[in-house]
Amino acid sequence: MATNIKYAPSKIEQETLITLYKSMLKPRMIEEKMLVLLRQGKISKWFSGIGQEAISVGVTASLHKDEYILPMHRNLGVFTTREIPLHRLFSQWQGKMNGFTKGRDRSFHFGTQDFNIVGMISHLGPQLGVADGIALGNKLKNNNQICAVFTGEGGTSEGDFHEALNVASVWDLPVLFCIENNGYGLSTPTSEQFKCENLADRGLGYGIESHIIDGNNIVEVYTKVSAIAEDIRKKPRPILLEFKTFRMRGHEEASGTKYVPQNLMDSWAKKDPLVNFENYLLSEGTINEEFITKTKGDIKEEIDYHLQLAFNEEAIVPDLKTELNDVYKDYEQEVINPSDKKNKIRLIDAVSEGLRQSMEKHGDLVIMGQDIAEYGGVFKITDGFVEKFGKDRVRNTPICESAIVSAAYGLSVNGIKAVMEMQFADFVSSGFNPIVNLLAKSHYRWNQKADIVVRMPCGAGVGAGPFHSQTNEAWFTKTPGLKVIYPAFPQDAKGLLCAAVNDPNPVLFFEHKALYRSVYQEVSEDYFTIEIGKANKLQEGKDITIITYGAGVHWALETLESNSEISADLIDLRSLQPLDTEMIYESVKKTGKAIILQEDSLFGGIASDVSALITENCFEFLDAPVKRVASIETPIPFQTGLEKQYLSKNKFEDELTSLLNY
Ligand SMILES: Cc1ncc(C[n+]2csc(CCOP(=O)(O)OP(=O)(O)O)c2C)c(N)n1
């Protein structure tokens with residue numbers, strides 16, 4: 001019974017050693033069974049964690065059951081150690097209803113609040129930022145809980161890894177960042193992935209304590225991680241753990257391991273975490289052959305029984321309504337009517353007031369963004385907020401858009417609302433992935449709400465050039481799962497922002513910078529909300545319907561003011577997703593002509609879709625082709641003359657007149 005792993009004399013109780021052994025044996029035996037089923041075509045894709053079980057099991061056993069774990073695609077041992085009934089796992093892999101995603105996502109892409117597990121999205125890196133948000137939630141709740149998040153060594157090359165470690169470090173978040181360095185990222189060896197000797201060495205650069213742990217030695221994993229976990233529960237801070245291990249099978253089963261030198265395979269095979277631990281326990285007299293046979297028999301029986309349950313489960317019958325209903329969290333908005341007590345304020349003041357009153361209403365709401373605390377944000381919207389609500393709830397962030405969006409999601413997973421301010425809407429591209437893949441798909445994938453508002457100061461007309469002027473709402477309206485709001489007036493900005501914060505779904509809230517200080521309105525002083533998804537008809541007419549939003553509303557109003565003979569319905573959409581198609585159709589059916597004005601350049605913008613909807617739904621009522629008016633197809637130039645030429649404002653009047661004369 002030779003062991004090729006040196007097990008230090010441990011202070012772990014015998015009972016725990018036996019539990020750890022059983023906890024490693026179970027995922028190994030499940031995997032062996034899954035590999036057979038995979039060959040028989042009875043389950044889909046499989047990512048093997050064989051040879052890496054000591055890490056999943058050791059880390060999970062070191063955490064309390066109510067502490068969140070965020071596993072990756074090779075961490076079956078996390079799910080089994082949290083004692084999820086096996087038939088639910090099997091149903092998940094067969095795309096059945098008793099799984100965790102109603103057949104909507106595959107393999108290990110699932111989470112479950114019942115077991116405090118948050119599953120991955122395919123993009124690997126965002127998982128790390130989600131852990132930051134969960135840990136922040138724990139810290140704010142003062143519950144002394146920690147969380148653990150996994151990544152492969154390949155995933156550490158992503159920007160998300162760096163951002164998440166940086167944020168955790170700056171905010172002293174109690175996260176265990178667990179790198180499983182298993183030699184290969186798909187076919188890429190570590191030598192082509194990073195240049196430092198140990199990934200743990202990176203801890204220094206982030207000001208984070210780090211440790212190297214033999215990932216095949218369950219005693220070492222459990223002993224060290226338990227001690228570290230206990231320590232950071234008392235003194236919250238992140239720790240970087242590099243587990244040295246090896247991937248013993250292909251990236252996924254179909255891809256094989258041809259590119260892995262045989263001698264590497266052979267040497268790591270000798271360090272199998274399960275076989276060695278079994279031999280060690282035998283040699284110590286902790287277990288005997290009889291115990292092993294009995295334990296394996298019991299696990300086999302459990303697997304077979306639960307597999308049968310999953311096989312017996314009916315296949316999902318597709319139901320369109322169910323699919324569509326699950327994209328957003330069901331939510332009945334309660335509209336709180338505005339009072340008559342009003343003050344004449346600017347749009348920027350209205351946003352600030354709405355945000356402040358939302359902070360007062362929701363005692364746990366956290367706002368995050370660059371320079372939003374003492375400095376008050378670059379537009380001064382959060383001026384004075386720190387003094388009123390404190391640094392815990394008004395958080396300056398490092399320049400880490402992606403990690404902060406992911407962290408906002410982590411807060412939501414932990415039951416806390418978040419508003420994130422993009423310094424400029426243009427910079428959302430650096431946080432785009434978690435918005436469209438993590439937030440937008442969350443409820444559909446595993447019924448987890450993403451209770452987040454992302455504020456987006458946007459728009460041109462302020463001479464700010466290609467990177468501070470975009471109105472990029474169309475990047476998001478095409479992604480199911482997001483709501484998109486774009487007010488043009490102070491009263492709407494306040495009421496809709498308050499409504500967006502109340503809504504448990506992810507909302508992109510566009511605020512036009514050129515309107516911030518130029519548009520004044522009498523705004524109700526008290527807290528109120530406006531229904532999301534309802535357009536506003538600003539002017540009633542008979543000859544044409546003008547549909548627009550944002551700055552376009554003011555351009556259209558100006559045009560109508562200087563052309564008082566035009567009788568037009570003017571619709572301010574206010575909400576782009578959901579869209580008030582009812583008001584649009586009703587108006588177009590009455591006037592027979594429609595012109596849609598947007599600030600964004602033409603192709604793929606809101607105007608295109610509104611135009612298509614009108615054509616499809618009001619064709620018989622139209623007296624002319626539907627007209628889209630949009631800015632030109634270039635980036636947004638800085639120089640005043642060029643910017644003026646760029647913007648759709650300058651051609652609207654001509655286009656309107658020509659359509660009226662059609
Ligand atoms: C952003 C992104 N790029 C590429 C991929 C494709 N991909 C999936 S897993 C993987 C390798 C990951 O390697 P590593 O993080 O070391 O984890 P391991 O599979 O070795 O456990 C790659 C390239 C992806 N899922 N997401």
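In what order do the five strands of the open sheet with mixed pairing line up? The order is E16-E18-E17-E20-E21, and the first close-up below starts there.

A note before the views: this is a predicted model, where local features need pLDDT of at least 70, side-chain atom pairs count only at pLDDT 80 or more, and totals for chains, interfaces and linings use all residues. Residues are numbered from 1 along each chain as its sequence is written, and side-chain values use heavy atoms, with hydrogens and water left out.

**View 1. An open, mixed sheet of five strands, with helix H22 lying across part of it.** Helices (H or I, at least four residues) and strands (E, at least two) are DSSP runs, numbered from the N terminus, and two strands pair if DSSP finds at least two bridges between them. Strand E16 (536-539) and strand E21 (627-631) sit at the edges with a single partner strand each, so one side of each has no neighbour in the sheet. From one strand to the next, the twist averages 25 degrees. Further in, strand E17 (residues 544-548) and strand E20 (residues 594-601) pair in the parallel sense through four bridges. To find one of these, look for threonine 545, whose bridge partner in E20 is alanine 594. Helix H22 (residues 606-618) lies across E17, E20 and E21 and runs at about 160 degrees to E20. Here axes are lines fitted to C-alpha atoms, for helices over the stretch in contact, and angles run from 0 to 180 degrees between N-to-C directions; contact means heavy atoms within 4.5 Å.

**View 2. A parallel sheet of five strands, with helices H2 and H5 lying across strands of it.** This open sheet has the order E1-E2-E3-E7-E6. Strand E1 (69-70) and strand E6 (209-214) are the edge strands, each pairing on one side only. E1 runs parallel to strand E2 (residues 147-152), and two bridges join them; isoleucine 69 has alanine 148 in E2 as its bridge partner. H2 lies across E1, E2, strand E3 (175-181) and E7, at about 165 degrees to E2. Helix H5 (residues 126-141) lies across E1, E2 and E3, at about 170 degrees to E2.

**View 3. Helix H2 (residues 53-62), mostly covered.** Nine of the ten residues of H2 are buried, where buried means under 20% relative accessible area, exposed over 50%, and partly exposed in between (1.4 Å probe, protein chains only). Among the buried residues of H2 are Glu53, Ile55, Val57, Val59 and Thr60.

**View 4. Two stacked ring pairs.** Rings of Phe, Tyr and Trp (its six-membered ring) pair if their centres lie within 6.5 Å; planes under 30 degrees apart count as stacked, over 60 as edge-to-face and the rest as tilted. The count of aromatic pairs comes to 23. In one of them, the rings of phenylalanine 246 and tryptophan 268 have centres 5.6 Å apart and planes at 10 degrees, so the pair is stacked. Phenylalanine 246 is in the loop between strand E7 (239-244) and helix H9 (262-269), while tryptophan 268 is in helix H9, 22 residues apart. Both phenylalanine 246 and tryptophan 268 are buried. Phenylalanine 277 and tyrosine 280 stack too, at 6.2 Å centre to centre with 25 degrees between the planes. They both lie in helix H10 (residues 273-283), three residues apart, about one turn of the helix. Phenylalanine 277 is buried at 0% relative accessible area, and tyrosine 280 is buried at 11%.

**View 5. A ring cluster and two charges over rings.** Ring pairs link Trp46, Phe79, Phe90, Trp93, Phe100, Phe108 and Phe110 into a cluster. A charge sits over a ring if NZ of Lys or CZ of Arg is within 6 Å of the ring centre and within 35 degrees of the ring normal. Lysine 42 lies over the face of phenylalanine 311, 5.8 Å from the ring centre. The charged end of arginine 395 sits over the ring of tryptophan 171, 4.3 Å from its centre.

**View 6. Two buried residues of helix H18 (residues 490-502): lysine 494 and alanine 500.** Lysine 494 has a relative accessible area of 0%. Its side chain reaches the backbone oxygen of glutamate 525 at 2.9 Å. Leaving aside neighbours within four places in sequence, lysine 494 is in contact with residues including Ala350, Glu353, Gln357 and Phe528. Alanine 500 is also at 0% relative accessibility. With neighbours within four places in sequence left aside, alanine 500 is in contact with Val453, Ile485, Val507, Phe509 and Ile532. Alanine 500 and glutamine 333 are 167 residues apart in sequence and 9.8 Å apart in space, C-alpha to C-alpha.

Definitions and conventions
Polar contact = N/O pair within 3.5 Å; in protein donor to acceptor, adjacent residues only side chain to side chain.
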